[in-house]
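Q: Before we go through the features one by one, could you show me the model, so that I can follow each step on the coordinates?

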Amino acid sequence: MFFRGTFEHALDAKHRLTIPAKFRAALAGGVVLAASSETTEEAPRSIAIWTPDAYDAYTQAALSGISPLSPKARDLKRFFFNYSHDTELDSANRVMIPPKLMQYAGLDKEVVVTGSGECLEVFDRGRYDAYSEDVLIRVPEIAASLGDTT
């Protein structure tokens, strides 16, 4: 399943997020909440919501071919596994975001849940709105640069 769309939500007092209805069946077998690794300084940090199988495939792909003895590989492995949590949907189709992940992404009450293909991402609403406006302006430049081999 691919996750698509943008949804505005609010976290409750216990930092629980209600999963959008269209994704509940896909996440019924379990959820991995993980810090999303950002590749640019402009991108706001977010929390990714994965199925366990998809997160395992993602981390294996990212770590494959890297020497396990490399200090950078250890750092990356620690990031993937220290900042991820296995959980499941509760009876009200919510997940509780742990304090460490709340702090990492700078989340407060107002959030945006976005489909990002293989996972969902949860952003602080204000930070996401500013980032989204910037990306919409830069899409032609981004698309053109992906074909540039220099």
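A: Please keep in mind throughout that this is a predicted model. A convenient way into a core is through one of its residues and the partners that this residue touches beyond its own stretch of chain, and here Val122, leaving aside its neighbours within four places in sequence, is in contact with Leu17, Ser46, Ile47, Ile49, Leu107, Val111, Val112 and Val113.

Q: How many residues does the largest nonpolar core have, and which have the most contacts inside it?
A: The largest nonpolar core has 32 residues, and those with the most contacts inside it are Leu17, Ile19, Leu27, Ile47, Ile49, Leu107 and Val122. Two or more residues each come from β3 (31-35), β4 (47-50), α2 (52-63), α3 (71-82), α4 (99-105), β7 (110-115) and β8 (120-124), and β3 gives the most, with 5 residues.

Q: How should I read the pairing of the strands, and in which sense do β1 and β7 pair?
A: Pairing is read from the bridges and from the direction of the two strands. Strand β1 (residues 6-10) pairs with β7 in the antiparallel sense over 5 bridges, and within this pair His9 has Val111 of β7 as its bridge partner. β7 is also joined by 5 bridges to β8, the two running antiparallel, with Thr114 standing opposite Glu121 in β8. In the hairpin of β7 and β8 there are 4 residues between the strands, and Gly117 takes a positive phi near 85 degrees.

Q: Which residues other than glycine have a positive phi, and where do they lie?
A: Among them is His15, whose phi is near 65 degrees and whose place is in the loop between β1 and β2 (16-18). Another is Asn93, with a positive phi of about 60 degrees, in the loop between β5 (84-87) and β6 (94-96). Because burial is assigned from relative accessibility, His15 at 30% counts as partly exposed, and Asn93, with a relative accessible area of 24%, is partly exposed as well.

Q: What is the volume of the largest pocket, and which of its lining residues are closest to its centre?
A: A pocket is best described by its volume together with its lining. The largest pocket has a volume of about 440 Å³, and of the 18 residues that line it, the closest to its centre are Glu38, Ala43, Glu121, Tyr131 and Val135. β8 and α5 (125-146) each supply at least two residues of this lining, with the largest share, 7 residues, coming from α5. By character, the lining divides into 7 nonpolar, 7 polar and 4 charged residues.

Notes:
Residues are numbered from 1 along each chain as its sequence is written. This is a predicted model: local features need pLDDT of at least 70, side-chain atom pairs count only at pLDDT 80 or more; totals for chains, interfaces and linings use all residues. Side-chain values use heavy atoms; hydrogens and water are left out. A nonpolar core is a set of buried Ala, Val, Leu, Ile, Met, Phe, Trp, Tyr and Cys residues joined through side-chain atoms within 4.5 Å. Buried means under 20% relative accessible area, exposed over 50%, partly exposed in between (1.4 Å probe, protein chains only). Contact means heavy atoms within 4.5 Å. Two strands pair if DSSP finds at least two bridges between them. On a 1 Å grid over the protein atoms alone, a cavity is a set of points where a 1.4 Å probe fits but cannot get out, and a pocket is an open set with protein on both sides within 12 Å along at least five of seven lines; lining residues have an atom within 4 Å of a point. Grid points are joined across faces, edges and corners, and a volume is the space filled by probe spheres set on the points. Ala, Val, Leu, Ile, Met, Phe, Trp, Tyr, Cys and Pro count as nonpolar, Asp, Glu, Lys and Arg as charged, and the others, Gly among them, as polar.
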